[in-house]
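Colleague: I am new to reading models like this one. Please take a close look at the largest pocket, and tell me what lines it. Then walk me outward from there.

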Amino acid sequence: MNEAVIQLKNLSKYFTVETNFWGKPTSVLKAVDDFTLDIFRGEAFGLVGESGCGKSTVGKMIAGLYKPTSGEIIFQDGTDLAKLSTKDRRKYCQNIQLIFQDPYASLNPRMKVEEIIAEPLKLIGKTDSGEIYDRTKYLMECVGLSDYHMDRYPHEFSGGQRQRIGIARALAMNPDIIVCDEPVSALDVSVQAQVLNLLDDLKKEFSLTYLFIAHGLNVVKHISDRVGVMYMGQLVEYAEKNELYNNPQHPYTQALLSAIPSPNPHRKKEQILLKGEVTSPIDPPDKCRFCTRCFRKEEKCEKLSCPTWTEVSPGHFVSCHLFQ
């Protein structure tokens, strides 16, 4: 049986939009709502969905940048990270690292590359300068950079090289899981392929576990073992990669896959165009949030509350009234 590095149980994150005279919330934005997922050791789990669906919020809660409104984040040792104080949560920072979307904004422009990569090592108490230098040099070689780059500043690198520096910094702590928050969306297409191949190689070399967040299903397919699809703060379908791409069940997943351009210009591909109004994430109704745009909806979809999970095939789960 696979060992779960992180277990997310009924995880939610709400942001207050309006309050009354006494400061009590009267309107709430539900960025993530009742999110449940296990991420297993050694796998890359791809999390996709349109902008604003809550993908990055999930990653930031795992990394400790956001405190959940409710729910549990169970680490592999059984600790519920959601219940820890800020001081106690710091002990787990080296186990969970983050690769940010913007490779320039995530690097201190006043620090040299050697200092950027070595900083996490110093924060955990390493004082041997020779050991720190050797570790920094080794990590730079792992991500495809040379040791003569160590004395340069971030602005002297290209976008792809800066992202490699961010990856090296994340590896410095020997983490159990790395949250990759859209790590290639700010890069050129040709550079995206290089960074994805690098992440895949590092996963095998260091036995890493990834939560890979991205917009495009075509990007996630290259690196992921399992893929989950989010819509309006909720997970609607997840399965093994090939199963999801070859046999999508949820109407939203089918619409996303139909939007991927075909590499063959002579092959016509029918695209599913979603119509209707997008449900507001502010105080959403207790029902399927996709039913206002769903091209397969039935009468029960608008009457019943939020759908529960159904296992349509081994390891393939979908949250939709059509399967219940």
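Modeller: The pocket comes first, and the parts around the chain follow.

This is a predicted model, with residues numbered from 1 along each chain as its sequence is written. Local features need pLDDT of at least 70, side-chain atom pairs count only at pLDDT 80 or more, totals for chains, interfaces and linings use all residues, and side-chain values use heavy atoms, with hydrogens and water left out.

Rolling a probe the size of a water molecule over the atoms shows where empty space is left. Here a pocket is an open set of points on a 1 Å grid over the protein atoms alone, where a 1.4 Å probe fits, with protein on both sides within 12 Å along at least five of seven lines. The largest pocket holds about 770 Å³ of space. That volume is the space filled by probe spheres set on the points, which are joined across faces, edges and corners.

What lines the largest pocket? There are 31 lining residues, each with an atom within 4 Å of a point. Ala63, Leu65, Cys93, Ile96 and Gln97 lie nearest the centre. By class, the lining has 19 nonpolar, six polar and six charged residues. Nonpolar covers Ala, Val, Leu, Ile, Met, Phe, Trp, Tyr, Cys and Pro; charged covers Asp, Glu, Lys and Arg; the others, Gly among them, are polar.

Which elements supply the lining? At least two residues each come from α1, α2 (86-89), β5 (96-99), α3 (113-123) and α5 (159-171). Helix α3 gives the largest share, four residues. These names come from DSSP runs, numbered from the N terminus: helices are H or I over at least four residues, strands are E over at least two.

Take α1, which spans residues 55-63. Seven of its nine residues are buried. Buried means under 20% relative accessible area, found with a 1.4 Å probe on protein chains only. Among the buried residues are Lys55, Thr57 and Ala63. Ala63 is also one of the residues nearest the pocket centre. Gly64 follows α1, with a positive phi near 90 degrees.

Now α5. Ala172 sits in the loop between α5 and β6 (177-181). Ala172 is buried, at a relative accessible area of 4%. Its C-alpha atom is 7.6 Å from that of Ala118, 54 residues away along the chain.

Next, β5. An open sheet of eight strands runs in the order β5-β6-β7-β3-β8-β9-β11-β10, with mixed pairing. Two strands pair if DSSP finds at least two bridges between them. β5 and β10 (309-313) are at the edges with a single partner strand each, so one side of each has no neighbour in the sheet. From one strand to the next, the twist averages 20 degrees. The angles, on a scale from 0 to 180 degrees, are taken between N-to-C directions of lines fitted to C-alpha atoms. Within this sheet, β3 (residues 44-48) and β7 (residues 210-214) are parallel, with five bridges. Ala44 has Tyr210 in β7 as its bridge partner.

Two loops beside sheet strands hold positive phi values. Glu182 lies between β6 and α6 (189-206), and its phi is near 50 degrees, a positive value in a residue other than glycine. Glu182 is buried at 6% relative accessibility. Met232 lies between β8 (226-231) and β9, with a phi near 50 degrees. Met232 is buried too, at 10%.

A second pocket is worth a glance. The second largest pocket holds about 300 Å³. It is lined by 18 residues, and Gln234, Leu235, Cys306, Pro307 and Ser319 are the closest to its centre. β2 (25-40) and β9 (234-240) each supply at least two lining residues. β2 gives the most, with four.

β2 has its own partner. Eleven bridges join β2 to β1 (residues 4-19), and the two run antiparallel. They form a hairpin with five residues between them, where Gly23 in the turn has a positive phi of about 85 degrees. Thr19 stands opposite Pro25. β1 also pairs antiparallel with β4 (residues 70-75), over five bridges.

Last, the cysteines. A disulfide is a pair of cysteine sulfur atoms within 2.5 Å, and the count here is zero. The sulfur of Cys320 is 6.0 Å from its closest cysteine sulfur, in Cys301, too far for a bond. Cys301 is buried at 5%, and Cys320 is buried at 5%.

Key. Buried < 20%, exposed > 50% of the residue type's maximum accessible area, 1.4 Å probe, protein only.
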